[in-house]
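Let's walk through a protein model together, one feature at a time. The learner asks how to read each feature, and the teacher replies.

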Amino acid sequence: MKLDLPIVDDTSIWDSWMAMLNVPAISAAIELGIFESLNQEPVSAEVLAQKLDYKERAVRALLPFLGHLGFLNEYGGTWKLTPLAQHYMLSDSQFSWGGIFRREGRMMKRHGLLIEAITGKKQDQDGRDRPAESWESGQVDMDMAREVTAFMHSHSIAAAVGMTKTIDFSGVTRMLDVGGGSGCFAIALAKLDKNNRCTVLELPAICELANDYIADAGVADQVDTTSIDMFREPWPDGYNAHFFSNIFHDWSFETCRELTRSSFAALEPGGKILLHEMLLNDSGNGPYPANAFSLLMAIGTMGQQFTLPQLREILGSAGFVNIDSRNSYGYYSIVSGEKPA
Ligand SMILES: C[S@@+](CC[C@H](N)C(=O)[O-])C[C@H]1O[C@@H](n2cnc3c(N)ncnc32)[C@H](O)[C@@H]1O
């Protein structure tokens, strides 16, 4: 099976998918008094989180997102209501849309999940769905593995093929795809050059599924899987690149530092670390898709999207040098670093 680059990128689909957060973001902000509080006193995300006893990670993701929707402006780190929010988001305004959003919010699962992420208080709702809790424990059952791997494959396959057309992979001949999911990135790299060898490092149930994706792609002679819990078990050696796609954004800064240290220790000297992520700009307040993805991470994982300076600091402090970043496909970038030879 050939993997050609699609003739249109998938950014419009990302926009439609992320738009699912628009209503829950507004309804949660109304319910939690965020518009009222910023109207009384414009403050930074950190101060607002402290003042209302909310989780800073979620508030940091929410405020720029509300900014993109036209409700907030940021000046020197301080968030202030726009006229749109003053007219329609405050409960004592004669034009308040509160009646709509309170009802809509009640009917949406992500409203409750967002309230939970912001307040840290469990909401009484069915079907809580946070694969990251299973990932943290290293225990994922087959039903969840099948659903989540298919989900990841859908959002990553075009980016996987795309990156092989835009990024220079010369010298990357033995790649460990850490948390590689369906194996789509390893498959794309194998298709780039028949001499490339890749291993997908994953939890056991996901390895089983990835083996099918690899066989279907016809690259089983170049790509294999290894069943390893990246937090609890030693990493294999013999690789000249470690690839992490959408892995760092699942975890706290401290956990990302731990993963970076494990990578640095196991990589061959002169080897590369490659992070495939949707980057925030340096202020953290844009672009919209990365802010939206960060909000989704606040709801479903322990992580957030990163700025390039944040990733530079994490990689640099583990010993990586020549840290660089390039747009790879659609909204994605690859941040690379080298282990000194
Ligand atoms: C957000 S998905 C990314 C999948 C793929 N890299 C992509 O971008 O499509 C995170 C992946 O990390 C894997 N993972 C999570 N915890 C892990 C652990 N403790 N050890 C190994 N893999 C883990 C999950 O199984 C999942 O496939």
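**Reading the model, feature by feature**

Q: Let's start with a loop residue: is Asn246 buried or exposed?
A: Asn246 counts as buried, because its relative accessibility is 5%. The cut-offs are: buried under 20% relative accessible area, exposed over 50%, partly exposed in between (1.4 Å probe, protein chains only). Before we go on, this is a predicted model, where local features need pLDDT of at least 70, side-chain atom pairs count only at pLDDT 80 or more, and totals for chains, interfaces and linings use all residues. Residues are numbered from 1 along each chain as its sequence is written, and side-chain values use heavy atoms, with hydrogens and water left out.

Q: Where is Asn246, and what is its phi?
A: In general, most residues other than glycine have a negative phi, and most peptide bonds are trans. Asn246 has a positive phi of about 55° although it is not a glycine. Look for Asn246 in the loop between β6 (241–245) and α13. Helices (H or I, at least four residues) and strands (E, at least two) are DSSP runs, numbered from the N terminus.

Q: What is the phi of Asp53, and is Asp53 buried or exposed?
A: Asp53 has a phi near 60°, a positive value in a residue other than glycine. Asp53 sits in the loop between α4 and α5 (56–68). With 63% relative accessibility, Asp53 counts as exposed.

Q: Which residues does a cis peptide bond join?
A: Gly286 and Pro287, with omega at about -10°. You'll find Pro287 in the loop between β7 (272–277) and α14 (288–300).

Q: How do I read a helix by its faces? Which residues of α7 are buried?
A: The general idea: an α-helix has 3.6 residues a turn, so residues three or four places apart point the same way. In α7, the buried ones are Gly98, Phe101 and Gly105. They cover an arc of only 70° around the axis, which puts them on the same side of α7; that arc is taken from the directions from the helix axis to the C-beta atoms. Gly99 and Arg106 are exposed on the other side of α7. The cover over the buried residues includes α2 (22–31), α6 (83–88) and α8 (109–119).

Q: Which residues form a nonpolar patch on the surface with Ile100?
A: Leu84, Tyr88, Phe95 and Trp97 join Ile100 there, and together the patch has about 470 Å² of accessible area. Patches are made of residues with over 30% relative accessible area and no salt bridge: like charges are joined within 9 Å, nonpolar side chains (Val, Leu, Ile, Met, Phe, Trp, Tyr) within 5 Å. Accessible areas come from the Shrake-Rupley method with a 1.4 Å probe, and for residues only the protein chains shown count as cover. Ile100 itself lies in α7 (residues 98–106) and, at 43% relative accessibility, counts as partly exposed.

Q: What about a helix with buried residues throughout much of its length: how many residues of α11 are buried?
A: In α11 (residues 184–192), 7 of the 9 residues are buried, so this helix is largely enclosed by the rest of the structure. Among them are Cys184 and Phe185. Ser156, in helix α10 (residues 142–166), touches Cys184, Phe185 and Asn246, not counting residues up to four places away in sequence; contact means heavy atoms within 4.5 Å. Ser156 is buried, with a relative accessible area of 4%.

Q: How many salt bridges does a search of the whole structure find?
A: The search finds 9, a salt bridge being a side-chain nitrogen of Lys or Arg within 4 Å of a carboxyl oxygen of Asp or Glu. Glu41 pairs with Lys51, with the closest N and O atoms 2.7 Å apart. Glu41 lies in the loop between α3 (34–40) and α4 (45–52) and Lys51 in helix α4, so the pair ties together parts that are 10 residues apart in sequence.

Q: Which residues are linked in a network of salt bridges?
A: Glu254, Arg257, Arg261 and Glu313. Glu254 bridges to Arg257 (closest N and O atoms 3.6 Å apart), and also to Arg261 (3.7 Å, N to O). Arg257 and Glu254 both lie in helix α13 (residues 253–266), 3 residues apart, about one turn of the helix.
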